[in-house]
Amino acid sequence: DIFRLNCSHRRDGDFERVYPLIRKYADEMGRKVECLGDLQGPKFRVGELAGEPVDLVEGDVLEFGICKDDSDMIKPGRITMKSTKEQCALVRAAKVGIDLLIEDGLMKVNVVEVVSETELKVKVVRGGK
């Protein structure tokens, strides 16, 4: 038996809270349960759509940033992400010229401007919906 810990969705303290519970309940059930850390790592997790799915068209320049509030949703010309520690760190680490993959690499954008610690301008390299 294996318990998979998904590092892509980790939030502060998740593993520290869950791991002892895995050990406790495995012992109570008399089972040997191994833990597997899936190390894919953090991903850009886009926010909610304001309406219909938005086409990303090759060559278009878009805003790419952290949601300013609950009404700041994905819409034509803007891709948003919920404000989590991981998402904020990924945006802060972005530099002009790097590629960002969306939807597990189906779509790709390139950073053309760092507007602030929470906002980027990106150019669509490989589009999609």
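**A five-strand sheet and the helix packed on it**

Mentor: This predicted model contains an open sheet of five strands in the order β4-β3-β7-β6-β5, with mixed pairing.

Trainee: Which strands are at the edges?

Mentor: β4 and β5 are the edge strands, each of them pairing on one side only. From one strand to the next, the twist averages 35°.

Trainee: How do β3 and β4 run, parallel or antiparallel?

Mentor: They run parallel and are joined by four bridges. Within this pair, I66 stands opposite M81 in β4.

Trainee: And what packs on the sheet?

Mentor: Helix α2 does, touching β3, β4 and β7. The direction of α2 makes about 135° with that of β3.

Trainee: Which residues of α2 are buried?

Mentor: In α2, which spans residues 85-93, the buried residues are E86, Q87, C88 and V91. Their cover includes β3 (61-66), β4 (78-81) and β7 (119-126).

Trainee: Let us move to the other edge. How many bridges join β5 to β6?

Mentor: Four bridges join them, and the two strands run antiparallel. I102 has M107 in β6 as its bridge partner.

Trainee: What about the hairpin: how many residues lie between the strands?

Mentor: The hairpin of β5 and β6 has four residues between the strands, and E103 takes a positive phi near 55°.

Trainee: Which residues of β5 are on the covered face?

Mentor: L100 and I102 form the covered face of β5 (residues 99-102), while D99 and L101 are on the uncovered one. In a regular strand, side chains alternate between the two faces of the sheet.

Trainee: Changing topic, how many disulfides does the structure hold?

Mentor: The structure holds zero disulfides. C67 is in none, and the nearest cysteine sulfur, that of C88, is 9.9 Å away. C88 is likewise in no disulfide, its nearest cysteine sulfur being that of C67, 9.9 Å away. A disulfide would need the two sulfur atoms within 2.5 Å.

Trainee: Is C67 buried or exposed?

Mentor: C67 is buried, with a relative accessible area of 14%. C88 is buried as well, at 15%.

Trainee: Finally, where is confidence lowest, and where is it highest?

Mentor: Confidence is lowest in strand β2 (residues 34-38), with a mean of 81, and highest in β7, at 95. The chain averages a pLDDT of 83, and 86% of the residues score at least 70.

Key: Residues are numbered from 1 along each chain as its sequence is written. This is a predicted model: local features need pLDDT of at least 70, side-chain atom pairs count only at pLDDT 80 or more; totals for chains, interfaces and linings use all residues. Side-chain values use heavy atoms; hydrogens and water are left out. Buried means under 20% relative accessible area, exposed over 50%, partly exposed in between (1.4 Å probe, protein chains only). Two strands pair if DSSP finds at least two bridges between them. Contact means heavy atoms within 4.5 Å. pLDDT is the predictor's confidence in each residue, from 0 to 100. Axes are lines fitted to C-alpha atoms, for helices over the stretch in contact, and angles run from 0 to 180 degrees between N-to-C directions.
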